[in-house]
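Reader: I would like a close look at a single part of this model, taken slowly and set against the rest of the chain. Please begin with the overall picture and then work inward.

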Amino acid sequence: MAPTAPADGKVDPKVIKTGLILVVGILAVVFDTTIVSVALHTLVAQLHSSVSTIQWVSTGYLLALAMTVPLSTWGLRRYGGKRLWMFALTVFLVASIGSSLAWNADSLIAWRVVQGAGGGLLLSVLTTLIMQAAGGKSLGRTVTLIALPALMGPILGPLIGGAILTHLSWRFMFWVNVPFCLIGLVLAAKYLPKDTVAAVKPKLDTLGFALLAPGIAAIILGLSNAGAAAGFGHADVIIPLAIGVALVVAFSLHALRKSEPIADIRLFAHRSVASSSLVLFFSGFTLYGTMLLLPLFYQEARGATALGAGIMLVPQGVGALLSRGLAGRLTDKIGGRPVAIVGFAIIAAATVPFCFADPKTGSWLLALWLLARGIGLGAVTISVTAVGYLGLDRAQIPHASVLTRTAQQVGGSFGTAVLAVILETAVASHRGNLTAAFNIAFWWSVGFAALAVALSCWLPSRPGPASAPAPAPEEPTTTDDRKQPSGATGPGSGGLSGGSGGRPLLLPGGGRAGSWGSLRCAGKGRAGRSGGRTGRPRRTGRWPGGARRRDCPLGRRGGGGRRLR
């Protein structure tokens, strides 16, 4: 049951409470990712291994994370959100301790794979539980809770990682996760609502998972190899990409024929999901690709240390945090499209100064531009994510979470690989002139941001009206004992309304509620002249909430319908 939002449009306190409980646990995942990213060179020396082997500490984690994200849709229906969250958090906790005790590179990689499996579930369940708790109300403000860890990670992660590597053993990087996991488990056990799961246990779409999970992993592996090899024309790039694309295509054909696939790609028929996924995919070039360029620019072109580069990037994270509240309010008020367009435009404008920067450019001036760039990043993250959930009912939210997150992951890997190739090519063409090479790569980043502005025009322009949540309906007592279909949205169902305000919503017996607010009564057809039979209300039944079916609003002439008798 979705909570009733306050009349002033603010996020319901119960949603905030749920969000804060989940954020504590997810911080372990966010910090772990950003901290380990700055430690690879240290791990090479400490574990007496090669760069190519240690690279799998990050690659294995990302592949496992991508593979387990689709499992969340089945796990939520099978076990419930609370139990699945606590299970995933426990897996991440155990794997963090195991990583800290690793005795060689191979054991560390193995524990990181287990960590990634837990992290993939945590990221998807976090989004699903918070969006379901919001019940379609104030989506922009709600996303500010989901985005909080992602915005804090780039600020604190490199600083914590740099400090640990400077003053302590690398093993303490993984002990940072332990307090977040333990506190998150205690809070979840005590305060998250008890799970309610279906009486009939859903079956896992085994074939769908066997196609989708390795398909996504193979695509990300190929893209990672492309970035490392500075090109796409290599066997270790082409073969994984070809296998991954073939598996994803096979899954798509399978999912279109299956009633309950592990990831419902039919949601791409919703403009909100399709447009959000597309923009999130291409934003990988602007968001994640540039996050590869910036630390390298400070370290390679300006001679900063890893810790120094992390400190230089703090203004960008601060800007993202500062803009999140305003971006959420504007998304709820005017829609995600204008917020995303302005956000990408700010990113493009704030990246231009780096196209002219050199070792003599003032650090404070670059910091100001990074602050502005962070403001744009915060606006884009909030608005585009919120748009992806417009018009979806409670049962569709887990699938939308998987689709949008997968698009973001693959797009991030693609963007990183493309910009890595561009940078390597520029270095070769300018005969080692790093400043000129980075300037060219930043110009490409500006172009990708401009492309994202154009793609954002496809996002829905205004937020759709949300249906007022109400207590869970009692089963209508009809003579034929028909049940309300799973995922139906009607009075008292607590589902989300159409983002465009025009989608009919299911009601008991197969009838639908019109977009203009009246009810179409139960029956084989709809009330009115639509080519179907006129639905007659069952005199023994009642609508949810107690109103008699014979008192259906279409009993009075309206919307072109015939008067019911």
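Reader: How many helices and strands does the secondary structure of the chain come to? With that settled, please look closely at helix 9: which of its residues are buried, and what covers them?

Author: This is a predicted model, and everything that follows should be read with that in mind. The secondary structure of the chain comes to 19 helices and two strands. The chain has 565 residues, of which 54% count as buried, and it exposes about 24,200 Å², with carbon and sulfur atoms supplying 65% of that area. Among the contacts that join residues at least 6 apart in sequence, 77% are between residues at least 24 apart.

Helix 9 covers residues 177-191, which makes 15 residues, and from its first C-alpha to its last it reaches 21 Å, close to the 21 Å expected at 1.5 Å a residue. Its buried residues are Asn 177, Val 178, Cys 181, Gly 184, Leu 185 and Ala 188. Seen down the axis of helix 9, these buried residues fall within an arc of 135°, so they line one face of the helix. The general background is that an α-helix has 3.6 residues a turn, so residues three or four places apart point the same way. On the face of helix 9 turned away from the buried side, one finds the exposed residues Val 186 and Lys 190.

The cover over the buried residues of helix 9 includes helix 1 (13-37), helix 5 (81-100), helix 6 (105-134) and helix 8 (172-175). One of the buried residues, Cys 181, has a relative accessible area of 0%. Elsewhere in the chain, Cys 355 also counts as buried, because its relative accessibility is 3%, under the 20% that sets the limit for that word. With a disulfide taken as a pair of cysteine sulfur atoms within 2.5 Å, the count for this model comes to zero.

Another buried residue of helix 9, Ala 188, leads on to Trp 85. Leaving aside neighbours within four places in sequence, Trp 85 is in contact with Leu 22, Gly 25, Ile 26, Leu 122, Val 125, Leu 126, Ala 188 and Leu 192. In the largest nonpolar core, which has 71 residues, Trp 85, Leu 122 and Phe 251 touch the most other members. The largest share of this core, 10 residues, comes from helix 6. Apart from it lies another core of 39 residues, among them Ala 309, Ile 347, Leu 370 and Val 380.

Two of the helices that cover helix 9, helix 1 and helix 6, can be followed a little further. Val 15 is found in helix 1 and is buried, with a relative accessible area of 2%. Val 15 and Leu 129 are 114 residues apart in sequence, yet their C-alpha atoms are 9.4 Å apart in space.

Helix 5 and helix 6 also take part in the cover over helix 4, where the buried residues are covered by elements that include helix 3, helix 5, helix 6 and helix 18. In helix 4, residues 71-79, the buried residues are Ser 72, Thr 73, Trp 74, Gly 75 and Leu 76, and just after this helix Gly 80 takes a positive phi of about 95°. From helix 18, residues 397-429, one may take Thr 406, which counts as buried at 13% relative accessibility. Beyond its neighbours within four places in sequence, Thr 406 is in contact with Val 69 and Ile 216. The C-alpha atom of Ile 216 is in turn separated by 9.7 Å from that of Ile 243, a residue 27 places away along the chain. Ile 243 lies in helix 11, residues 235-257, and counts as partly exposed at 46% relative accessibility.

For a careful reading of the backbone, one loop residue deserves a remark. His 48 is found in the loop between helix 2 (40-46) and helix 3 (51-68), and its phi is near 55°, a positive value in a residue other than glycine. As general background, most residues other than glycine have a negative phi. His 48 is also exposed, with a relative accessible area of 72%.

Terms used
Residues numbered from 1 in each chain as written. Predicted model: local features only at pLDDT ≥ 70, side-chain atom pairs only at ≥ 80, totals over all residues. Heavy atoms only, no water. Helix = DSSP H or I, 4+ residues; strand = E, 2+ residues; numbered from the N terminus. Expected span 1.5 Å × (residues − 1). Buried < 20%, exposed > 50% of the residue type's maximum accessible area, 1.4 Å probe, protein only. Arc of directions from axis to C-beta. Contact = heavy atoms within 4.5 Å. Areas by Shrake-Rupley, 256 points an atom, 1.4 Å probe, with all protein chains shown as cover. Core = buried A, V, L, I, M, F, W, Y, C linked by side-chain atoms within 4.5 Å.
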